[in-house]
Amino acid sequence: MTYIVDGDTLDVGATRIRLALVNSPEVGQPGYTEAKQFTTQTCPVGSSALVDEDDGQTGGSYGRMIAVVYCGGVNLNAALLSSGDAVLVTYYCSVSEFADEAWTGCP
């Protein structure tokens with residue numbers, strides 16, 4: 001882990017990652033600080049991260065890779081959802097390779 005942009009965007013090496021299926025508040029929105037702190041605590045800068053690119057969204061988002069990120073064996077995407085610091089983006093449930101996984105809550 002090299003940089004935490006916000007709750008749902010981070011850099012692993014030179015690659016900017018957008019967490020698949022989750023959305024956390026942006027700068028200036030209520031909950032932004034809490035979501036960023038949760039991500040920072042779960043995946044501290046300097047820690048190793050396992051990145052699993054979403055094969056259903058290989059085009060990425062604004063130049064970012066769409067993925068599930070694991071830090072210390074913890075699925076960051078799922079942890080953010082269960083913490084309440086992020087919400088599920090159901091719009092992508094129809095394309096994400098992870099949509100069938102229990103943590104997503106996809107319909």
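From the N terminus onward, the elements of the protein follow the order β-β-β-β-α-β-β-β-α-β in this predicted model. The secondary structure thus described comprises two helices and eight strands. The radius of gyration is 12 Å, close to the 13 Å given by the globule rule for 107 residues, so the protein is as compact as a globular protein of that length. Along the principal axes, the C-alpha atoms fill a box of roughly 30 × 30 × 25 Å.

Burial and contact statistics were computed for the chain. Of the 107 residues, 45% count as buried. Among contacts with a separation of 6 or more, 60% are accounted for by residues 24 or more positions apart. The accessible surface comes to about 5,500 Å², and carbon and sulfur atoms contribute 52% of this area. With regard to charge, the protein carries 4 positive and 13 negative side chains; the centres of these two sets lie 11 Å apart.

One of the negative residues was examined individually. Asp11 is located in strand β2, which spans residues 9-12. The relative accessibility of Asp11 is 12%, and the residue therefore counts as buried, the cut-off being under 20%. The side chain of Asp11 forms a polar contact with the side chain of Arg16 at 2.7 Å. When neighbours within four places in sequence are left aside, the residues in contact with Asp11 are Met1, Thr2, Tyr3, Val5 and Arg16. Arg16 thus appears both in this contact list and as the side-chain polar partner of Asp11.

Terms used
Residues numbered from 1 in each chain as written. Predicted model: local features only at pLDDT ≥ 70, side-chain atom pairs only at ≥ 80, totals over all residues. Heavy atoms only, no water. Helix = DSSP H or I, 4+ residues; strand = E, 2+ residues; numbered from the N terminus. Rg over C-alpha atoms; globule rule 2.2 N^0.38 Å. Buried < 20%, exposed > 50% of the residue type's maximum accessible area, 1.4 Å probe, protein only. Contact = heavy atoms within 4.5 Å. Areas by Shrake-Rupley, 256 points an atom, 1.4 Å probe, with all protein chains shown as cover. Lys, Arg positive; Asp, Glu negative; His and termini not counted. Charge placed at Lys NZ, Arg CZ, Asp CG, Glu CD. Polar contact = N/O pair within 3.5 Å; in protein donor to acceptor, adjacent residues only side chain to side chain.
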